[in-house]
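Biologist: Could you walk me through how to read a few features of a protein model? I would like the general idea and then the case at hand.

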Amino acid sequence: MSAALDSLLDLLDLERIERDIFRGASRSALIPRVFGGQVAAQALVAAGRTVPADRAAHSLHAYFLRAGDPGAPIVYTVDRIRDGRSFTTRRVVAVQHGQPVFHLSASFQVYEEGLEHQADMPAAPDPETLPTAAEMLPRYADRFSDPGVVDRLAEAREAVDLRYVDAPPFATAGEAREPRSQVWFRTNGKLADDPLLHVCMATYVSDMTLLDSVLLAHGRGGWAVGDVVGASLDHAMWFHRPFRADEWLLYDQESPSASGGRGLGQARIHTADGRLAITVIQEGVVRVPRR
């Protein structure tokens with residue numbers, strides 16, 4: 001296991017203060033606020049720790065309310081909304097400096113047999129044939145006005161091996177492309193056999209690239225290039241089938257719409273053997289900076 005992955009796992013291992021109150025640390029991100037994937041994953045950890053072990057997360061719906069302060073801990077309060085025979089529902093509010101910064105509702109279900117069908121996995125190259133972040137990022141160093149961006153991007157991806165199928169938005173800024181993006185990802189090391197951990201890790205990664213397709217449609221390079229400003233607004237995930245976040249997952253993303261200073265991304269995550277594991281939808285603020 002890489003030191004970066006070990007550090008990320010520590011970040012997700014929340015401190016229990018009371019029966020339904022947890023505290024999590026934060027760390028700096030590429031931008032001066034808490035990374036949205038971090039707070040979403042931590043909130044799901046908090047919810048999951050109040051649910052019986054035989055119930056797996058099957059969906060979450062979340063809103064990002066305020067920018068989180070990476071220099072301060074986050075307190076997560078869990079509300080036990082319902083414990084039914086098949087489903088368990090939890091609501092989590094994340095608080096910093098006395099104000100809510102994030103709200104999550106999550107549902108968990110006892111395993112049961114049922115009808116089965118799924119969308120086909122799209123074509124994609126073998127992830128082992130694609131460059132790693134450490135190999136790819138230096139090629140585009142001249143695209144960033146801040147020379148330190150490459151190092152910060154590489155550091156943000158040390159815990160997760162994330163490989164772009166096609167060039168990322170910052171590589172083709174100024175050139176409008178089809179609003180679709182694919183990445184393969186897996187953790188940089190083996191994880192414990194805890195289904196909640198794998199779900200939380202996928203939640204963490206899901207916020208990294210989902211709005212890329214919005215940028216591609218307009219030839220924008222992204223936050224690191226500086227030709228857009230933005231932030232996540234809301235995030236929804238449905239967990240369809242078991243998966244491991246330490247094995248290759250294909251994140252197939254597209255944007256059906258952008259308007260009103262907002263962009264929508266939707267995606268499917270498949271396992272390497274073709275099973276549809278997760279569906280993700282996110283809306284974010286995507287604004288062109290005023291000169």
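Modeller: Happily; we will go through helices, the core, a cavity and a few single residues. Keep in mind that this is a predicted model.

Biologist: Let's start with helix α1, residues 3-12. Which of its residues are buried?

Modeller: The general idea first: an α-helix has 3.6 residues a turn, so residues three or four places apart point the same way. In α1, the buried residues are A4, L5, L8, L9, L11 and L12. They lie on the same side of α1, because they cover an arc of only 155° around the axis. A3 and D10, on the other side of α1, are exposed.

Biologist: And what covers the buried residues of α1?

Modeller: The cover includes α2 (36-48), β8 (180-187) and α5 (195-209).

Biologist: May I try the reading on α4, residues 149-156? Which residues are buried there?

Modeller: Please do! The buried ones are V149, V150 and L153. Viewed down the axis of α4, these buried residues fall within an arc of 100°, so they line one face of the helix. The face turned away from that buried side carries D151 and E155, which are exposed.

Biologist: Now the core. Which residues of the largest nonpolar core touch the most other members?

Modeller: In soluble globular proteins, nonpolar side chains tend to be buried together. Here the largest nonpolar core has 70 residues, and Y76, F102, M201 and I278 touch the most other members.

Biologist: Take M201 from that group. What is M201 in contact with, leaving aside its neighbours within four places in sequence?

Modeller: With that exclusion, M201 is in contact with L5, L8, L9, L12, T187, L191 and A245. You have met some of these names already: L5, L8, L9 and L12 are among the buried residues of α1.

Biologist: How do I read empty space inside the model, and how many cavities of 30 Å³ or more are there?

Modeller: Rolling a probe the size of a water molecule over the atoms shows where empty space is left. In this model the count is 1 cavity of 30 Å³ or more, and the largest cavity has a volume of about 30 Å³. Its lining is made up of A133, M136, L137, R157, L162, Y164 and F170. Two elements, α3 (133-136) and β7 (160-164), give two or more residues to that lining. By character, the lining residues divide into 6 nonpolar, no polar and 1 charged.

Biologist: On to single residues. Is D20 buried or exposed?

Modeller: For a single residue, start with its place and its accessibility, then look at its contacts. D20 sits in the loop between β1 (15-18) and β2 (21-24). Buried means under 20% relative accessible area, so D20 counts as buried at 14% relative accessibility. Beyond its neighbours within four places in sequence, D20 is in contact with T50, Y76, T77, V78 and R80. Y76 is also one of the core residues that touch the most other members.

Biologist: How does R16 read, and where is R16 found?

Modeller: R16 is in strand β1 and is partly exposed, with a relative accessible area of 42%. Leaving aside neighbours within four places in sequence, R16 is in contact with I21, F22, R49, T50 and R80.

Biologist: One last residue, please: where does R220 lie?

Modeller: R220 lies in the loop between α6 (212-217) and β9 (229-239), and R220 is partly exposed at 29% relative accessible area. Its contacts, with neighbours within four places in sequence left aside, are P169, A173, L215, D227, V228 and V288. As for spacing, R220 and D194 are 26 residues apart in sequence and 39 Å apart in space, C-alpha to C-alpha.

Notes: Residues numbered from 1 in each chain as written. Predicted model: local features only at pLDDT ≥ 70, side-chain atom pairs only at ≥ 80, totals over all residues. Heavy atoms only, no water. Core = buried A, V, L, I, M, F, W, Y, C linked by side-chain atoms within 4.5 Å. Buried < 20%, exposed > 50% of the residue type's maximum accessible area, 1.4 Å probe, protein only. Contact = heavy atoms within 4.5 Å. 1 Å grid on protein atoms, 1.4 Å probe; cavity = no way out; pocket = protein on both sides within 12 Å on 5 of 7 lines; lining within 4 Å. Points joined across faces, edges and corners; volume = space filled by probe spheres on them. Helix = DSSP H or I, 4+ residues; strand = E, 2+ residues; numbered from the N terminus. Nonpolar A, V, L, I, M, F, W, Y, C, P; charged D, E, K, R; others polar. Arc of directions from axis to C-beta.
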